[in-house]
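Welcome, and please have your viewer open with selection by chain and residue ready. We will go from stop to stop, and at each one you will get something to select and a note on what is there.

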Amino acid sequence: MSFSWDDVNALRHYGKFIKAGGGIGEVRKALAWSTWYAVKWWSELKHELGIDADRNILGKALFMSLRARGIIDDGGRLVKRVETPPRPVNPYSAEFVELHDSFDALGAVEVAKGAVDRDKLRILYSSMLAQGWYDIMRETFLDLVEIGRYLNIVEPHCKEGQLAYAVLRRHQPERYLAYDPDPDDVEATASLLGASPNVCAGKVCVLQTPTICGPAAREVASKFAGAFDAVLLFHTLYWMADPLAELRCLKALLRPGGRLLVGQQVVESTPGLLAVVVSFGAKHVFRWRDVEALLDAAGFEKERRYTRYSPYYIAVWRAAQ
Amino acid sequence: MSLVKRVVGEMEGQRALADCEIKDFEAFSSLVPPSLQAAVLEAIRAGSVPPSLQPLFRRLRDAGVMVCL
């Protein structure tokens, strides 16, 4: 068994997650299933869609992640055999594989063609966010970036509010602003947090807006909290229509030296999981170096990087003066 | 925070459920991973939804997979 530099960092910083998943052996089996499914789905897309296989976000994620592992070549042909791995028995590792099973039942080709009902994808996405392995991943991230140090927090693309709920359950920030373009997600978040949508009184504000760059949204945010201490980005960048513009606007909301707490799945991370998640409406897929280039271009300076891609990109960046 | 306070807090976060049932078992069993199916059915039986499952319950109702009186 060999360990990369990133594996060692994952062990160092993500020990709780690995322990809950049954240890390295069990987690590796789960990750191997993610790769195995990615190969299966890519083969299906190539067979059904031919040269159009990577012209949708699911195909693009599969192509980039399998290419990064040397499993396919530049033409998308399989060049490395991937054996069927043993099934993990640890409950958390097993349910990670179950998520892949459920996505597979929808049919990767059907998803890529946009033929799967949006409600079905939303149920699967909600299921993922409610699974135990995801909860541990979320909690471990919040521990690692020391969320308790930040009193005024803004979270873009809050989706159904589980991350905000996890923060508010463990920590008493003075102000927490969560926003999302989707009215259903805003309602779900507000309901979970016991708040009213678009009512920014008290310590929680859940706002429906596609971007924080608009003058009205910016004004609401500034009135609500003044300057923020931290932006929380947990698997968020790929939902943004224009990540660079959004990051620049978020930087303008931060106090000088405010932090950007980043966790982001990248193509070098678990390939099957990335493919599943981008199918829920992502607009982009990133390599870990793309993430860093983006944050740098938006005016942030890297303070500390914990992991590059295993289990996903994790770092703290500071708003440059 | 003490354990008792945490348990009380978690109980307060639970949402009471009206009488709910799974209407479309085929969709439910194919879309919701097996270990989570058990948690959903348990919540229906108990008549209250823990916060971690509230968004999923909302989606299941919106899609007509679950109906609540």
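How many residues of chain A are in contact with chain B, and how many of chain B with chain A? Colour the two chains separately and select the contacts: 23 residues of chain A touch 20 residues of chain B. Keep in mind that this is a predicted model.

**Stop 1: the interface**

Show the surface between the chains. Chain A and chain B bury about 1900 Å² between them, and 59% of that lies on carbon and sulfur atoms. On the chain A side, pick Glu98(A), Ile123(A) and Ala130(A), which lose the most area to chain B and together account for 27% of what that side buries.

Next, look for charged pairs. The rule finds 3 salt bridges across the interface of chain A and chain B. One to display is Arg58(B) with Glu187(A), whose side chains meet at 3.6 Å, N to O. Across the interface there are also 4 residue pairs in polar contact, with both residues at pLDDT 80 or more.

Which elements of chain A give two or more residues to the side that touches chain B? Select helix H5 (91-106), helix H7 (118-130), helix H9 (162-170) and helix H10 (183-193) of chain A. H7(A) gives the most, with 8 residues. By class, this side of chain A divides into 8 nonpolar, 6 polar and 9 charged residues.

**Stop 2: a salt bridge within chain A**

Stay with H7(A) and show Arg118(A) and Asp182(A) as sticks. Their side chains meet in a salt bridge at 2.9 Å, N to O. Arg118(A) lies in helix H7 of chain A, while Asp182(A) sits in the loop between strand E2 (175-180) and H10 of chain A, so the pair ties together parts that are 64 residues apart in sequence. If you would like to list such pairs throughout, the structure holds 31 salt bridges over all chains.

**Stop 3: H7(A) and H8(A)**

Now add helix H8 (residues 132-144) of chain A to the selection. The axes of H7(A) and H8(A) come within 5 Å and cross at roughly 60°. The two helices are therefore oblique to each other. For the contact, select Met128(A), Leu129(A) and Ala130(A) in H7(A), which meet Gly132(A), Trp133(A), Tyr134(A) and Arg138(A) in H8(A). The residues here are 5 nonpolar, 1 polar and 1 charged. You have met Ala130(A) before, among the residues that lose the most area to chain B.

**Stop 4: H3(A) and H13(A)**

Select helix H3 (residues 24-49) and helix H13 (residues 271-278), both of chain A. Their axes come within 6 Å and cross at roughly 60°, so H3(A) and H13(A) are oblique to each other. From H3(A), the contact uses Ser34(A), Thr35(A), Ala38(A) and Trp41(A); from H13(A), it uses Pro271(A), Gly272(A), Leu273(A), Ala275(A) and Val276(A). That contact has 6 nonpolar, 3 polar and no charged residues.

**Stop 5: over to chain B**

How do helix H3 (residues 34-46) and helix H4 (residues 54-62) of chain B cross, and at what angle? Their axes come within 12 Å and cross at roughly 85°. H3(B) and H4(B) are therefore roughly perpendicular to each other. Select Leu36(B), Val40(B), Ala43(B) and Ile44(B) of H3(B), then Leu56(B), Phe57(B) and Leu60(B) of H4(B), to see the contact. It has 7 nonpolar residues, with no polar and no charged ones.

Note on methods
Residues are numbered from 1 along each chain as its sequence is written. Chains are lettered from A and ligands numbered from 1 in the order in which they are written. This is a predicted model: local features need pLDDT of at least 70, side-chain atom pairs count only at pLDDT 80 or more; totals for chains, interfaces and linings use all residues. Side-chain values use heavy atoms; hydrogens and water are left out. Axes are lines fitted to C-alpha atoms, for helices over the stretch in contact, and angles run from 0 to 180 degrees between N-to-C directions. Helices (H or I, at least four residues) and strands (E, at least two) are DSSP runs, numbered from the N terminus. Angles under 35 degrees count as roughly parallel, over 145 as roughly antiparallel, 65 to 115 as roughly perpendicular and the rest as oblique. Contact means heavy atoms within 4.5 Å. Ala, Val, Leu, Ile, Met, Phe, Trp, Tyr, Cys and Pro count as nonpolar, Asp, Glu, Lys and Arg as charged, and the others, Gly among them, as polar. Buried area is the accessible area (1.4 Å probe) that two parts lose on being put together, summed over both. A salt bridge is a side-chain nitrogen of Lys or Arg within 4 Å of a carboxyl oxygen of Asp or Glu. A polar contact is a pair of N or O atoms within 3.5 Å; within protein, one must be able to donate a hydrogen and the other to accept it, and residues adjacent in sequence count only if both atoms are side-chain atoms.
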